[in-house]
Every structure is written in C-alpha cells, then in structure tokens.
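Visitor: I should like to take a close look at one small part of this model and then see what surrounds it. Would you please begin at a single residue and work outwards from there?

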Amino acid sequence: MNSLRDRLERAVVSIYSDVEERALSVPATFEERVLWKEFACCVLSSQVPYPLSVAAAEAIDRESVLHIEALEDTEDRLVSILRAPLIVDGAFRRYRFPASRGRQLAAARVTVTRQAGTLGNLLEIHQDPAKLRSWLVENTLGMGPKQASMFLRNCGVSYDLAVLDRHVLEYMAEMGLCSAAQSSISKMSEYRRREDTLRSYASSLGAAVGLMDWAIWIVMRMFKQKSVTEELLI
C-alpha cells in the first residue's frame with residue numbers, strides 16, 4: 001500500500017467510530033415532515049452543492065408544501081420557492097434547477113400519495129431496504145441510486161446501502177477497488193456491483209458500508225480542500 005492510500009485509509013478508519021456513534025444515537029424517524037424534508041434535500045442535492053440543497057429543502061419545509069398542503073398547486077409553489085434567493089453561509093445564492101426539481105418533487109409527492117398515502121407508510125410497507133431503494137428509483141422522479149440510498153440512510157432505515165458519490169468513487173479508485181473514478185453512476189446494475197465491492201471492503205475493516213461511505217466522504221472532502229490550499233500556497 002502506498003503512502004497516500006495508507007493515509008486515506010487510516011483517516012477513514014480513525015473517524016469511523018465517531019460517524020457510527022453519531023448515526024446510531026439518532027433513532028429512525030417516520031415523522032412525515034422530517035421524511036419529506038430529507039427526501040427533498042436528497043433530490044435537490046444532485047449536481048448542486050450540499051449546503052445549497054439543505055437551504056432549499058429548509059425553505060420548502062418552512063412553507064409546508066410537501067407534507068401538509070393539497071396537491072393541486074404543489075409544483076407552482078415549489079418552483080416559486082426554489083427561484084427565490086437562499087441564504088447559504090451568510091450570502092445569497094440561487095438554486096440552479098428550480099423548474100425541473102420543482103416538477104420532480106411535485107411528481108414524487110403524487111406518486112407516493114397514490115402508492116401509500118404517506119412517506120411513512122411507504123417505508124413501513126417496504127421492509128426490504130434494497131427493494132425499497134429500487135422502488136424509489138423506478139417510480140419517483142429525481143431519485144437515482146445515490147439519492148435513494150442517502151434518503152434511506154439519513155432517515156435511519158438502513159446502513160447497508162452505499163451512497164456512491166464522486167468522493168466515495170474517487171476513494172475506491174485510489175484504493176484499487178475499481179479501475180477508474182467516475183463522477184456518478186446512474187445504472188442500477190453497475191451501482192450494485194460497485195456497492196458490493198465497497199461492502200466487502202468495509203466488512204474487511206469491521207464497518208457497515210452505509211456508514212463507512214459517510215466517513216470516506218468526510219475524509220475525501222477534507223483531503224481535497226487541503227490539497228487545494230497547499231497548491232495555492234506553492
């Protein structure tokens with residue numbers, strides 16, 4: 001193992017127990033408002049910086065559009081909220097895809113309502129997390145494998161599904177777990193193959209794949225920020 005691999009792996013292992021303790025200290029929730037806020041954040045985070053997607057999801061939550069109000073004008077209200085300036089880290093920011101993400105969230109609301117009445121009911125109906133993820137990907141607009149896995153993990157439904165974002169995929173490439181890094185994987189069959197590989201790697205270190213990916217995400221973000229800072233100082 002070269003020095004970079006060794007440093008990255010040791011960093012991931014060193015923070016894993018903190019990530020695990022924090023995640024397991026928060027019980028799974030089926031509160032409808034919390035579920036829709038998390039669902040919206042996962043859909044809104046695709047190709048968008050995470051802090052901006054959190055701000056957008058919080059704005060939608062404050063207007064009670066997804067978990068309380070009627071369905072007729074949901075899309076128009078979502079688009080209007082997403083077009084308004086959002087405060088992120090003390091500065092005004094614009095959300096990048098207000099029309100398309102507003103349409104996706106409104107359609108997802110209709111689909112979930114028709115299927116199960118509420119998101120909480122949907123989670124209780126589908127007891128198998130992997131099958132539930134597949135249902136979300138196949139039936140709700142804006143939910144790819146990564147977003148669906150993140151939703152189920154952040155709600156505490158399952159820590160056995162991996163969130164394979166670009167940071168995790170780059171780590172896997174660095175560790176020699178895959179041939180080359182990709183920024184994203186949209187095809188479910190390929191996603192499952194990479195997930196199985198990461199699950200085996202996590203298991204070899206005594207970790208759950210759905211928590212190790214979180215530790216990897218933290219380490220890789222810090223590693224990249226440090227690398228950029230060092231380059232600027234040269």
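Guide: Let us begin at Gln47, which is found in the loop between H2 and H3. Please keep in mind throughout that this is a predicted model. Most residues other than glycine have a negative phi. Gln47 has a positive phi, near 65°, although Gln47 is not a glycine. The relative accessible area of Gln47 is 57%. Because a residue counts as exposed when this value is over 50%, Gln47 is exposed.

A second loop residue may be set beside this one. Asp89 sits in the loop between strand E1 (86-88) and strand E2 (91-93). Its phi, near 55°, is again a positive value in a residue other than glycine. Asp89 has 76% relative accessibility, so Asp89 too counts as exposed.

We return now to the two helices on either side of the loop that holds Gln47, namely H2 and H3. The structure holds one cavity of 30 Å³ or more. The volume of the largest cavity is about 40 Å³. H2 and H3 are the elements that give two or more residues to its lining. H2 supplies the largest share, with four residues. The lining consists of Arg33, Trp36, Lys37, Ala40, Ala57, Ile60, Asp61, Leu66 and His67. By type, these residues are five nonpolar, one polar and three charged.

The helices H2 (32-44) and H3 (50-62) also take part in a second lining, that of the largest pocket. This pocket holds about 1500 Å³ of space. Helix H1 (3-24), helix H8 (145-154), helix H9 (166-174) and helix H11 (209-233) likewise each give two or more residues to the lining of the pocket. H11 gives the most, with seven residues. In total, 50 residues line the pocket, and Tyr50, Met150, Arg153, Asn154 and Trp217 lie nearest its centre. The lining residues are 25 nonpolar, 13 polar and twelve charged. Where does this pocket lie with respect to domain 1 and domain 2? Domain 1 (2-23 + 161-230) and domain 2 (30-153) both contribute residues to the lining, and therefore the pocket lies between them.

One further helix, H10, deserves attention, for its two sides can be told apart by burial. H10 runs over residues 188-204 and has 17 residues. At 1.5 Å a residue, H10 should span 24 Å, and this agrees with its end C-alpha atoms, which are 24 Å apart. Within H10, the residues Met188, Tyr191, Arg194, Glu195, Leu198, Tyr201 and Ala202 are buried. They cover an arc of only 140° around the axis, which means that they lie on the same side of H10. The general principle is that an α-helix has 3.6 residues a turn, so residues three or four places apart point the same way. The exposed residues Arg193, Ser200, Ser203 and Ser204 are carried on the face of H10 turned away from its buried side. After H10 comes Gly206, with a positive phi near 75°.

Finally, consider Lys131, a residue of helix H7 (residues 129-139). With 59% relative accessibility, Lys131 counts as exposed. From C-alpha to C-alpha, Lys131 and Ser100 are 26 Å apart in space, and in sequence they are 31 residues apart.

Conventions. Residues numbered from 1 in each chain as written. Predicted model: local features only at pLDDT ≥ 70, side-chain atom pairs only at ≥ 80, totals over all residues. Heavy atoms only, no water. 1 Å grid on protein atoms, 1.4 Å probe; cavity = no way out; pocket = protein on both sides within 12 Å on 5 of 7 lines; lining within 4 Å. Points joined across faces, edges and corners; volume = space filled by probe spheres on them. Nonpolar A, V, L, I, M, F, W, Y, C, P; charged D, E, K, R; others polar. Domains from an automatic or database assignment. Expected span 1.5 Å × (residues − 1). Buried < 20%, exposed > 50% of the residue type's maximum accessible area, 1.4 Å probe, protein only. Arc of directions from axis to C-beta.
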